[in-house]
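Biologist: I would like to learn how to read a protein model step by step. Could we begin with the whole chain and then move on to single residues?

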Amino acid sequence: MEGDGEAKKEVNMSQLAGVQFLLNNEGKEVPLSSIEGKTTCLFFSAHWCRPCRSFTPNLVQIYTALRNTGKNIEIIFISLDHDEASFWDHFKGMSWLALPFDTGLSQKLCAHFGIEHIPALIPLSATPSSGVGFEEDAVRLVDEYGEDAYPFSAQRRRELEAMDDARRKGGKLQELLGCKERDYVISADDIKIPIADLTGKTVGLYFGAHWCPPCHVFTKQLKEVYNELKILRPESFEVIFISIDRNKGEFQASMSSMPWLAIPYSDTARQKLTRIFAVKGIPGLLILGLDGKVLKTDGRTAISTYGATAFPFTESRVSEVDEALRKEGDKLPRQVNDPKHRHVLELDMAKAYVCDECQKKGRYWVFSCKQCNFDLHPSCVLENKIDII
């Protein structure tokens with residue numbers, strides 16, 4: 001594209017040799033000249049391709065939105081279907097133009113543009129009547145940024161990535177969690193909570209989904225810590241759920257077990273945050289400090305290993321807790337012999353357990369039987385003067 005300052009690949013619309021017209025999805029002929037002066041993309045796709053069928057509706061939505069806001073854009077469908085019936089089955093769901101079905105020409109265009117997989121979206125320049133540059137496949141760009149990706153160039157990707165970087169490092173919660181139309185997050189009962197109310201708090205961004213079994217486990221752990229901190233440190237910690245659910249019903253099912261807040265399911269900020277923080281797997285918990293900047297990218301490990309003790313979940317605090325636990329463990333015996341139990345109990349570390357002596361919950365150090373489900377608090381061992389081996 002012009003102004004990118006990079007070596008350009010060349011294409012000429014004479015590559016469409018022998019094509020006198022394009023088609024709309026009603027089968028009507030449209031002059032090839034109709035795309036002159038427009039930002040034009042070639043869309044390589046096929047009805048037999050599942051990723052193509054998944055991507056196409058999203059592209060239709062983006063194309064429609066861009067046209068409705070006055071963007072001078074056109075897309076030309078290049079079919080890689082095996083027969084003309086399949087071509088029409090696929091094309092009827094599109095709102096742009098297409099080359100008449102011609103497997104020979106489609107293969108030539110694939111070779112010319114280096115198409116190795118589909119779907120592929122190749123942006124051309126705005127002057128298709130002469131030699132022009134063309135960009136790399138923009139499918140990923142469109143998936144990540146939607147209509148903001150327009151005009152789908154490498155320069156636009158750099159601009160968008162710079163904007164993401166600024167949001168990630170800026171410490172401005174409204175820019176990060178909100179948008180022009182929304183300055184609030186919601187509770188499980190759909191009450192709107194101003195994003196401004198989060199200022200001065202440690203904030204956890206929880207990426208999860210109802211369909212994910214590990215998320216169910218972590219939600220329970222996080223809920224325990226969240227409720228504990230509500231008592232010990234009121235108004236100091238808040239969690240914002242960033243849903244990766246597949247539909248609103250799943251989102252509501254997720255929220256039904258959560259006492260914290262969320263980005264509305266219908267809001268594209270969910271996808272934006274997933275992209276900005278490069279979330280690759282769930283459950284994930286990212287910790288923002290009092291200044292709104294990232295403190296810790298792996299809050300899940302801190303929560304599941306150390307619980308509320310590690311608050312505010314900084315690297316230094318986690319190190320302090322870890323060192324304190326190590327010193328505590330150094331003072332404890334390695335093995336004990338409880339006369340009420342026939343096996344030797346060994347010192348171990350557990351995220352959670354119930355003491356068989358006092359029936360109270362415990363975590364961290366425990367004297368545990370390796371052969372059966374029997375655990376004792378270190379305090380119960382010391383108070384009852386159980387034999388040390």
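**Reading the chain from outside to inside**

Modeller: Let us start with the surface: the protein chain exposes about 19900 Å², and carbon and sulfur atoms supply 50% of that area. Please keep in mind throughout that this is a predicted model.

Biologist: What radius of gyration does the protein chain have, and what would a compact globule of 389 residues have?

Modeller: The protein chain has a radius of gyration of 29 Å, whereas a compact globule of 389 residues would have one near 21 Å. The spans of the C-alpha trace add to this picture, since along the principal axes they are about 95 × 45 × 40 Å.

Biologist: How many helices and strands are there in the chain?

Modeller: The protein chain contains 12 helices and 20 strands. Of its 389 residues, 48% count as buried, and among contacts between residues at least 6 apart in sequence, 58% join residues at least 24 apart.

Biologist: Is helix α9 largely enclosed or largely open?

Modeller: To judge a helix, one looks at its residues one by one, and a residue is called buried when its relative accessible area is under 20%. Helix α9, residues 269-276, is largely enclosed by the rest of the structure, because 6 of its 8 residues are buried. Those buried residues are A269, R270, K272, L273, T274 and I276, and what covers them includes the helices α5 (154-170) and α6 (173-177) together with β11 (202-208) and β12 (237-243). Just after α9, A278 takes a positive phi of about 50°.

Biologist: Which strand holds Y206, and is Y206 buried or exposed?

Modeller: Y206 is found in strand β11, which is among the elements covering the buried residues of α9. Y206 counts as buried because its relative accessibility is 0%. Y206 also shows how the fold can bring together distant parts of the sequence, for Y206 and L286 are 80 residues apart in sequence, yet their C-alpha atoms are 6.7 Å apart in space.

Biologist: How many disulfides does a search of the whole structure find?

Modeller: The search finds 0 disulfides. C212, for example, is in no disulfide, and the nearest cysteine sulfur, that of C215, is 3.2 Å away; a disulfide would need the two sulfur atoms within 2.5 Å. C212 counts as buried because its relative accessibility is 5%, and C52 is buried too, with a relative accessible area of 0%.

Biologist: And how many charged side chains are there?

Modeller: The protein chain has 48 positive and 54 negative side chains, and the centres of these two sets lie 4 Å apart.

Technical notes
Residues are numbered from 1 along each chain as its sequence is written. This is a predicted model: local features need pLDDT of at least 70, side-chain atom pairs count only at pLDDT 80 or more; totals for chains, interfaces and linings use all residues. Side-chain values use heavy atoms; hydrogens and water are left out. Helices (H or I, at least four residues) and strands (E, at least two) are DSSP runs, numbered from the N terminus. The radius of gyration is taken over C-alpha atoms; the globule rule is 2.2 Å times the number of residues to the power 0.38. Buried means under 20% relative accessible area, exposed over 50%, partly exposed in between (1.4 Å probe, protein chains only). Contact means heavy atoms within 4.5 Å. Accessible areas come from the Shrake-Rupley method with a 1.4 Å probe; for residues, only the protein chains shown count as cover. Lys and Arg count as positive and Asp and Glu as negative; His and the chain ends are not counted. The place of a charge is taken as NZ of Lys, CZ of Arg, CG of Asp or CD of Glu.
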